[in-house]
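Open the model in your viewer and keep the selection panel at hand. We will go stop by stop.

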Amino acid sequence: MTQNLSTIKDELAQVISAANDLKSLEEARITALGKKGRITDLMKSLGGMDPEERKNFGAAVNMLKDDIAALIEKQEAGLKKQAMAERLSKETIDVTLPARPITKGAIHPVTQTMDELISIFGSMGFELDEGPDIEDDFHNFTALNFPLGHPAREMHDTFYLPEDGDEKGEAAKKLLRTHTSTVQIRHMLGRKPPFKMICMGRVYRSDYDMTHTPVFHQIEGLVIDKAINMGHLKGCLMDFLQAFFEVDNLPIRMRPSFFPFTEPSAEFDMGCSRKNGEFKIGQGDSWIEMGGSGMVHQNVLKHCGVDPNEYQGFAFGLGVERLAMLKYGIPDLRTFFESDVRWLNHYGFDPLDRPNRATGVKG
Ligand code: FA5
């Protein structure tokens, strides 16, 4: 029987060493160790033997099995090494070829515009602040002098969040901020005047057409000191819009308006011309509406612990997309939020060319 095992081993070893690719080696493995393989057959024959014979023969078959498995493993390693050597000798890389062009991402026009605004207002001495998108009724309305039930609340088309069962009254009601004026409150509370702050970010209103989207961005400015007046407000808006649009002598017009948090309130327009179907920003025969502004209402200052007998100042707010559309000729507001890569490649900006006032805000 032992003689028989050594013959089987020789025969299988021959088949294994003759296998010159992985496929024939697998066939050799099946011949030896597969379900109907020769060693498996020997294992099956153990059942018909008496105990003593089974013990000796079983041990010998196990040893044969291990030897054959080791031979297969060795042959496999050799074949893989040989295949790799052949592949390496065939595959060559021409290191003198030019590299494939790398596709660069593009900066979204909203990000670009906000970077430009930060650069302009930074050079005018404004501090940058921020506030959360999820706000409460107090910061979005009450502290900004919108009393409960005031009709101006309805004008904001507010998205309210579901009550969380732990309500602490109307002022704690959660909502998505409808304007960045919330940050005026957050900035003033817990700080001491004077204030000279801008903030910007997403705001939300249930509104959708070519000039209104449910999410858009606003920039807000706040200046509070002892002798600030409407003249400073107009001068500030002129400086900023002239720097942003890179137009000298840009006329600014203030029109009376209403916001609960400013008194007096004014909407501000910028000069432009619309001759022969061509739109141009600057001196001209026409006006374009830009945003809202006014002197901060005494009630707002009081809500923030600022003494209105000592301090006063102005605030303004406008849409970032509106600024970007006018500066970069983007016709439809809705396209800003469609995540169309072709649109982004067309209107986007070079990520390595960041805005700064030394080289021009365009970067
Ligand atoms: C406000 O939101 C005030 N908080 C602005 C303000 C700040 C006034 C400080 C006074 C003092 P209004 O609702 O008008 O105002 O919005 C300001 C600007 O946001 C608009 O001029 C417009 O450019 C932009 N805007 C308003 N609604 C939308 C919308 N749905 N989609 C895109 N832009 C919008």
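Start with helix α4, residues 51-90. This is a predicted model. Helix α4 has 40 residues and reaches 58 Å from its first C-alpha to its last, close to the 58 Å expected at 1.5 Å a residue. Now show side chains along α4. Buried here are Phe57, Gly58, Val61, Leu64, Ile68, Ile72, Gln75 and Leu79. For the spacing, recall that an α-helix has 3.6 residues a turn, so residues three or four places apart point the same way.

Next, colour by domain. Domain 1 covers 2-90 and domain 2 covers 109-347. Place a centre on each, taken over C-alpha atoms: 80 Å separate domain 1 from domain 2.

**Nonpolar cores**

Which residues have the most contacts inside the largest nonpolar core? Select Phe121, Phe240, Leu241, Phe245, Met290 and Leu323 to see them; the core has 46 residues. Helix α9, residues 230-245, gives the most to this core, with eight residues. Zoom in on Phe240. Phe240 touches Leu117, Ile120, Phe121, Met124, Leu318 and Leu323, leaving aside residues up to four places away in sequence. Another core lies apart from the largest one. That second core has 22 residues, among them Val183, Ile185, Cys199 and Leu301.

**Cysteines**

Stay on Cys199. Cys199 is buried, with a relative accessible area of 1%. Now add Cys304, which is buried too, at 6% relative accessible area. Why is there no bond from the sulfur of Cys199? The closest cysteine sulfur, in Cys304, is 13 Å away, too far for a bond. From Cys304 the view is reversed: Cys199 holds the closest cysteine sulfur, at 13 Å. A search of the whole structure finds zero disulfides.

**A histidine in a loop**

Select His179, in the loop between β3 (174-176) and α8 (182-188). Is His179 buried or exposed? His179 is buried, with a relative accessible area of 3%. Show what surrounds the side chain. Not counting residues up to four places away in sequence, His179 touches Asn140, Leu144, Phe146, His156, Val203, Arg205, Gln218 and Phe261.

**Salt bridges**

The structure holds 19 salt bridges. Visit three of them.

First stop: Asp129 and Arg191, whose side chains meet in a salt bridge at 3.7 Å, N to O. Asp129 lies in strand β1 (residues 127-129) and Arg191 in the loop between α8 and β4 (195-204), so the pair ties together parts 62 residues apart in sequence. Asp129 counts as buried at 16% relative accessibility. Arg191 is partly exposed, with a relative accessible area of 35%.

Second stop: Asp269 and Arg255, in a side-chain salt bridge at 2.7 Å, N to O. The pair links distant parts of the chain, with Asp269 in strand β7 (residues 262-273) and Arg255 in strand β6 (residues 252-259), 14 residues apart. Asp269 counts as buried at 2% relative accessibility, whereas Arg255 counts as partly exposed at 25%.

Third stop: Asp332 and Arg334, whose side chains meet at 3.1 Å, N to O, in a salt bridge. Asp332 counts as buried at 16% relative accessibility. Arg334 counts as partly exposed at 24%.

To finish, select Arg253, Arg255, Glu267, Asp269 and Glu289 together. Salt bridges that share partners join these five residues, Arg253, Arg255, Glu267, Asp269 and Glu289, into one network.

How values were computed:
Residues are numbered from 1 along each chain as its sequence is written. This is a predicted model: local features need pLDDT of at least 70, side-chain atom pairs count only at pLDDT 80 or more; totals for chains, interfaces and linings use all residues. Side-chain values use heavy atoms; hydrogens and water are left out. A nonpolar core is a set of buried Ala, Val, Leu, Ile, Met, Phe, Trp, Tyr and Cys residues joined through side-chain atoms within 4.5 Å. Buried means under 20% relative accessible area, exposed over 50%, partly exposed in between (1.4 Å probe, protein chains only). Helices (H or I, at least four residues) and strands (E, at least two) are DSSP runs, numbered from the N terminus. Contact means heavy atoms within 4.5 Å. A disulfide is a pair of cysteine sulfur atoms within 2.5 Å. The expected span of a helix is 1.5 Å times one less than its number of residues. Domain bounds come from an automatic or database domain assignment. A salt bridge is a side-chain nitrogen of Lys or Arg within 4 Å of a carboxyl oxygen of Asp or Glu.
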